[in-house]
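Hello,

Here is the structure I promised to pass on to you. Have a look at it first, and then read on for what turned up in it.

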Amino acid sequence: MENLDEVIVIGYGQVKKDDATGSVAAVSSDDFNMGAITSPQELVTGKIAGVQITNGGGAPGAGSTIRIRGGSSVSASNHPLFVIDGVPVDNDGISGMRNPLNTIHPSDIETFTVLKDASATAIYGSRASNGVILITTKKGRKGTPLKISYNGYSSVSTPSGSIDVLNADQFSK
C-alpha cells in the first residue's frame, strides 16, 4: 500500500500541492466569524489576507465592496468573479438584487476559496482578472442520518434613562 502526495487539480492540469504557484486562500465553516451574520461576506471579513471587504451601508440587502489585492482598473469593474457551486455569477450581479451573495443563506455555506492571482484568469477567463471567490455550499451525503439545526438570536433592550423635556404648557409660555 502506497500513500499518494496531495494533488491539486487546476483548470489546465494537476500539480503537487508543494509545486502550486497560485495564491489560494480557503476558509471553512469551522473558521467563519461567529455571531449574528446577516450576509455571506460577513463570514470571512478579516479572515483572508489580501481581501478587503467594505460594508456597503446599512440598507437592507446592500452588498459590500470586495477587493482582492486592491483595484486594478480605472474604467472597468474591479469586482471579483463569484463561482457558487461551480456556476459563475455575473460580475454585474443579478438583475433586481443589490448583492448576488444574498441568494445563499450564510449557514448553508461550507467553504470560501479565494483565487488571488493571474492563474485564475487561465481557468475562468478575463472575468476573473480581479480574482475569483469560489463558494461551496453544504450538501447532503448518502448514508448519513438527517440533521436539523437551528440558529436563533434574541436581544433585550432597556432605556438607560430619560431626558427631561418641556410639556405642552411649559413650551407654550
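**What was found**

The protein has two helices and nine strands. Please keep in mind that this is a predicted model. Going along the sequence, the pattern reads β-β-β-β-β-β-β-β-α-β-α. The protein has 173 residues, and 25% of them count as buried. Among the contacts with a separation of 6 or more, 56% are between residues 24 or more positions apart.

**The five-stranded sheet**

Let me begin with the open sheet, which is formed by five strands in the order β3-β8-β9-β6-β7, with mixed pairing. At its edges are β3 (24–28) and β7 (87–89), each of which pairs on one side only. On average, neighbouring strands of this sheet are turned by 20° against each other, direction ignored.

Strand β9 (residues 132–137) has partners in both senses. With β8 the pairing is antiparallel and runs over six bridges, while with β6 (residues 81–84) it is parallel and runs over four bridges. How much of β9 is covered? Five of its six residues are buried, so the strand is mostly covered.

Some individual pairs help to find your way around. On the β6 side, Leu81 stands opposite Val132 of β9, and Phe82 stands opposite Ile133 of β9. On the β8 side, Val114 is the residue opposite Ile133. Ile133 therefore faces a partner in β6, Phe82, and also one in β8, Val114.

Thr113 is worth a look as well. This residue lies in strand β8 (residues 109–115). Is Thr113 buried or exposed? Its relative accessibility is 17%, and because buried means under 20%, Thr113 counts as buried. Neighbours within four places in sequence aside, Thr113 is in contact with Val24, Ala25 and Ala26, and also with Val132, Ile133 and Leu134.

**β4 and β5**

Elsewhere, β4 (51–54) pairs with strand β5 (residues 65–68) in the antiparallel sense, over four bridges. One of the pairs joins Gln52 to its bridge partner in β5, Arg67. Which residues of β4 make up its covered face? They are Val51 and Ile53, whereas Gln52 and Thr54 form the uncovered one. In a regular strand, side chains alternate between the two faces of the sheet.

**A cavity and a pocket**

How many cavities of 30 Å³ or more does a search of the whole structure find? The search finds one, and the volume of this largest cavity is about 50 Å³. Its lining consists of Gln41, Val44, Ile48, Val51, Ile53, Ile66, Leu101, Phe112, Val114 and Ile133. Both β4 and β8 supply at least two residues each to that lining. By type, the lining has nine nonpolar residues, one polar and no charged. Several residues met above come back here: Val51 and Ile53 from the covered face of β4 are part of the cavity lining, and so are Val114 and Ile133, which stand opposite each other in β8 and β9.

The largest pocket holds about 960 Å³ of space. It is lined by 25 residues, and those nearest its centre are Ser107, Asp108, Lys138, Lys147 and Ser149. The lining of the pocket divides into ten nonpolar, nine polar and six charged residues.

**Two loop residues**

Two residues in loops may also interest you. Asp85 is found in the loop between β6 and β7. What stands out in its backbone is phi, near 50°, a positive value in a residue other than glycine. With a relative accessible area of 38%, Asp85 is partly exposed.

Arg69 has its place in the loop between β5 and β6. Why does Arg69 count as exposed? Its relative accessible area is 53%, and exposed means over 50%. Not counting residues up to four places away in sequence, Arg69 touches Ser23, Gly50 and Lys116. Along the chain, Arg69 and Asp117 are 48 residues apart, yet their C-alpha atoms are separated by 8.9 Å.

Over to you, and enjoy exploring it.

Best wishes

Conventions
Residues are numbered from 1 along each chain as its sequence is written. This is a predicted model: local features need pLDDT of at least 70, side-chain atom pairs count only at pLDDT 80 or more; totals for chains, interfaces and linings use all residues. Side-chain values use heavy atoms; hydrogens and water are left out. Buried means under 20% relative accessible area, exposed over 50%, partly exposed in between (1.4 Å probe, protein chains only). Contact means heavy atoms within 4.5 Å. On a 1 Å grid over the protein atoms alone, a cavity is a set of points where a 1.4 Å probe fits but cannot get out, and a pocket is an open set with protein on both sides within 12 Å along at least five of seven lines; lining residues have an atom within 4 Å of a point. Grid points are joined across faces, edges and corners, and a volume is the space filled by probe spheres set on the points. Ala, Val, Leu, Ile, Met, Phe, Trp, Tyr, Cys and Pro count as nonpolar, Asp, Glu, Lys and Arg as charged, and the others, Gly among them, as polar. Two strands pair if DSSP finds at least two bridges between them. Axes are lines fitted to C-alpha atoms, for helices over the stretch in contact, and angles run from 0 to 180 degrees between N-to-C directions.
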